[in-house]
Amino acid sequence: MFLAKKLLGGIIDVVSNIDPAQFVPSEPPQPRRPLAYAEQHENDEEKQFRRVFQQLAGEDMEVSPAELMNILNRIIAKHGDLKTDGFSIESCRSMVAVMDSDSTGKLGFHEFKLLWNNIKKWQGVYKSYDADGSGVIGADELPNAFRAAGFPLNDNLYQMIIRRYSDESGNMDFDNYIGCLVRLDAMCRAFRILDKDNSGTIKVNVQEWLQLTMYS
């Protein structure tokens with residue numbers, strides 16, 4: 001019990017001076033609608049993206065973690081300037097989980113579109129802050145890279161992220177950068193939803209806590 005209190009106390013110390021109002025998470029994906037409704041109300045860009053999505057997702061019109069892994073790895077294979085070991089199945093399971101707003105275990109059209117747009121946006125940030133052109137972001141480049149993505153964190157949180165997502169030299173490659181930001185974005189979005197009075201604090205029961213932490 002003492003160790004648990006010490007651990008939780010340490011985490012609270014790390015995050016207690018964070019202002020969640022500074023974070024800029026993406027808007028939640030739109031709810032699923034019947035295809036006929038979507039086709040009548042989508043603009044040309046959305047219709048074009050839906051055609052691409054149909055080719056990627058297949059007959060069930062949903063993207064599974066394995067399908068997401070194949071899609072992302074095919075894309076990054078064309079970008080020699082992005083250093084990566086490739087997106088793992090575990091990383092893609094985590095991304096699907098935090099983007100899966102309707103708990104189907106797969107990504108529907110709007111969930112996938114939000115993820116796709118975020119990855120494109122964060123790819124631009126990643127390349128901009130890879131100052132030395134090494135293909136990775138070093139520990140000294142990370143604060144600005146996360147700030148530009150909408151997440152100004154304190155030094156303690158940066159150190160936690162480096163331990164979790166960077167290599168032994170403190171360098172973060174592209175797949176870990178994206179995996180970290182997808183999770184960070186989703187957690188901030190969940191916090192904003194639960195912080196109903198905009199007080200900067202939330203109260204959750206054990207069921208809500210386990211749902212937040214275990215399916216992510």
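Helices here are DSSP runs of at least four residues, numbered from the N terminus. Keep that in mind as you look through these close-ups of a predicted model.

**View 1. Ser103, a residue with a positive phi in a loop.** Start with the stretch that joins helix H5 (89-99) to helix H6 (109-129): Ser103 is found in this loop. The phi of Ser103 is near 60°, a positive value, and Ser103 is not a glycine. Is Ser103 buried or exposed? Ser103 counts as exposed because its relative accessible area is 59%, and the exposed class begins over 50%.

**View 2. Asn198, another loop residue with a positive phi.** Now move along to the loop between helix H9 (174-194) and H10, where you will find Asn198. Asn198 is not a glycine either, yet its phi is positive, at about 55°. With 66% relative accessibility, Asn198 is classed as exposed.

**View 3. A nonpolar patch on the surface.** Which residues make this patch? They are Val206, Trp209, Leu210 and Met214, and the patch covers about 470 Å². Take Leu210 as your guide: it sits in helix H10, which spans residues 206-214. Leu210 counts as partly exposed because its relative accessibility is 42%, and that class lies between 20% and 50%.

**View 4. Leu181, a buried residue of helix H9.** Here the focus is on Leu181, which belongs to helix H9. Leu181 has a relative accessible area of 0%, so it is buried. Which residues does Leu181 contact, once neighbours within four places in sequence are set aside? The answer is Trp122, Phe146, Ala149 and Phe151. Look at Trp122 in particular: Leu181 and Trp122 are 59 residues apart in sequence, while their C-alpha atoms are 8.2 Å apart in space.

**View 5. Phe146 and the residues it touches.** Stay with Phe146, one of the contacts of Leu181. Leaving out residues up to four places away in sequence, Phe146 touches Phe151, Tyr158, Ile161, Met172, Tyr177, Cys180, Leu181 and Leu184.

**View 6. The largest nonpolar core.** Finally, step back to a core of 47 residues. Phe146 appears again, as one of the residues with the most contacts inside this core, alongside Leu68, Met95, Tyr177 and Ile178. At least two core residues come from each of helix H3 (44-57), helix H4 (65-76), H5, H6, helix H7 (142-148), helix H8 (155-165) and H9. Which helix gives the largest share? That is H9, with nine residues.

Methods. Residues are numbered from 1 along each chain as its sequence is written. This is a predicted model: local features need pLDDT of at least 70, side-chain atom pairs count only at pLDDT 80 or more; totals for chains, interfaces and linings use all residues. Side-chain values use heavy atoms; hydrogens and water are left out. Patches are made of residues with over 30% relative accessible area and no salt bridge: like charges are joined within 9 Å, nonpolar side chains (Val, Leu, Ile, Met, Phe, Trp, Tyr) within 5 Å. Accessible areas come from the Shrake-Rupley method with a 1.4 Å probe; for residues, only the protein chains shown count as cover. A salt bridge is a side-chain nitrogen of Lys or Arg within 4 Å of a carboxyl oxygen of Asp or Glu. Buried means under 20% relative accessible area, exposed over 50%, partly exposed in between (1.4 Å probe, protein chains only). Contact means heavy atoms within 4.5 Å. A nonpolar core is a set of buried Ala, Val, Leu, Ile, Met, Phe, Trp, Tyr and Cys residues joined through side-chain atoms within 4.5 Å.
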